[in-house]
Amino acid sequence: MLKWTLRADEERREAERRVGEARRPPAPEWLIERGLDRTNIVAVHTGECWDPGKRGRPATRVQAIEALRHQVPTCSKCRPDTVLGIEV
């Protein structure tokens, strides 16, 4: 009986994990990192950047390009300007 209960719990957890993965929204393609006051933009990142900071928010390609055109710094690790093909 105990083995059956443990197996049922394990199957339930696995089913919940699969449902959670299916419902997870896709990773953003671009991130815009804001400063502490949330009004200034600190950096532009690719969605795959390993160091986007805690204040990175999803952005569209157009928003990322516009930020770069307004002299927002690029992340030195993921180089979104190179990915977008923009010279800064």
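Q: Buried means under 20% relative accessible area, exposed over 50%, and partly exposed in between. In this predicted model, is C75 buried or exposed?

A: The relative accessibility of C75 is 6%. The cut-off for a buried residue is under 20%. C75 therefore counts as buried.

Q: How many disulfides does a search of the whole structure find?

A: A disulfide requires two cysteine sulfur atoms within 2.5 Å. The sulfur of C75 has its closest cysteine sulfur in C49, at 3.7 Å, so this pair is too far apart for a bond. C78 gives a similar picture, because its closest cysteine sulfur is in C49, 3.7 Å away, and that is too far for a bond. Over the whole structure, the number of disulfides found is zero.

Q: What is the relative accessible area of C78, and into which class does this residue fall?

A: The upper limit for the buried class is 20%. The relative accessible area of C78 is 16%, so the class is buried.

Q: What is the order of the three strands in the open sheet?

A: Strand β1 (residues 30-34) pairs with strand β2 (residues 41-46) in the antiparallel sense over five bridges. Strand β1 also pairs with β3 in the antiparallel sense, over four bridges. The edge strands, each pairing on one side only, are β2 and β3 (56-59). The order is β2-β1-β3.

Q: By how much are neighbouring strands of this sheet turned against each other on average, direction ignored?

A: The sheet is open and its pairing is antiparallel. Ignoring direction, the average turn between neighbouring strands is 30°.

Q: Which residue of β2 stands opposite L31, and which residue of β3 does?

A: L31 can have a partner on each side, because β1 pairs with β2 and with β3, a pair being defined by at least two bridges. Opposite L31 in β3 stands P58. Opposite L31 in β2 stands H45.

Q: Which residue of β2 is the bridge partner of R34?

A: β1 covers residues 30-34 and β2 covers residues 41-46, in antiparallel pairing. W30 stands opposite T46 in β2. The bridge partner of R34 is I41.

Q: Why is β1 largely enclosed by the rest of the structure?

A: A residue counts as buried when its relative accessible area is under 20%. β1 is largely enclosed because, of its five residues, the number that are buried is four.

Q: Is T46 buried or exposed?

A: T46 belongs to strand β2. Leaving aside neighbours within four places in sequence, T46 is in contact with E29, W30, L31, C78, P80 and V83. The relative accessible area of T46 is 10%, so this residue is buried.

Q: Is P58 buried or exposed?

A: P58 lies in strand β3, and among the residues it touches, not counting those up to four places away in sequence, are P28, W30 and Q63. Its C-alpha is 7.5 Å from that of E29, although the two residues are 29 apart in sequence. With a relative accessible area of 60%, above the 50% limit, P58 is exposed.

Q: At about what angle to β1 does helix α2 run?

A: Helix α2 consists of residues 61-69 and lies across β1, β2 and β3. Its angle to β1 is about 50°.

Q: Which residue takes a positive phi in the hairpin of β1 and β2?

A: Most residues other than glycine have a negative phi. This hairpin has six residues between the strands, and one residue takes a positive phi near 65°. That residue is R38.

Q: What is the approximate phi of Q71?

A: Q71 sits in the loop between α2 and α3 (80-84). At 70% relative accessibility, Q71 counts as exposed. Although Q71 is not a glycine, its phi is positive, at about 70°.

Q: Into which accessibility class does R79 fall?

A: R79 is found in the loop between α2 and α3. R79 is not a glycine, yet it has a positive phi of about 50°. Its relative accessible area is 36%, which means that R79 is partly exposed.

Conventions:
Residues numbered from 1 in each chain as written. Predicted model: local features only at pLDDT ≥ 70, side-chain atom pairs only at ≥ 80, totals over all residues. Heavy atoms only, no water. Helix = DSSP H or I, 4+ residues; strand = E, 2+ residues; numbered from the N terminus. Axes fitted to C-alpha atoms, helices over the stretch in contact; angles between N-to-C directions. Contact = heavy atoms within 4.5 Å. Buried < 20%, exposed > 50% of the residue type's maximum accessible area, 1.4 Å probe, protein only.
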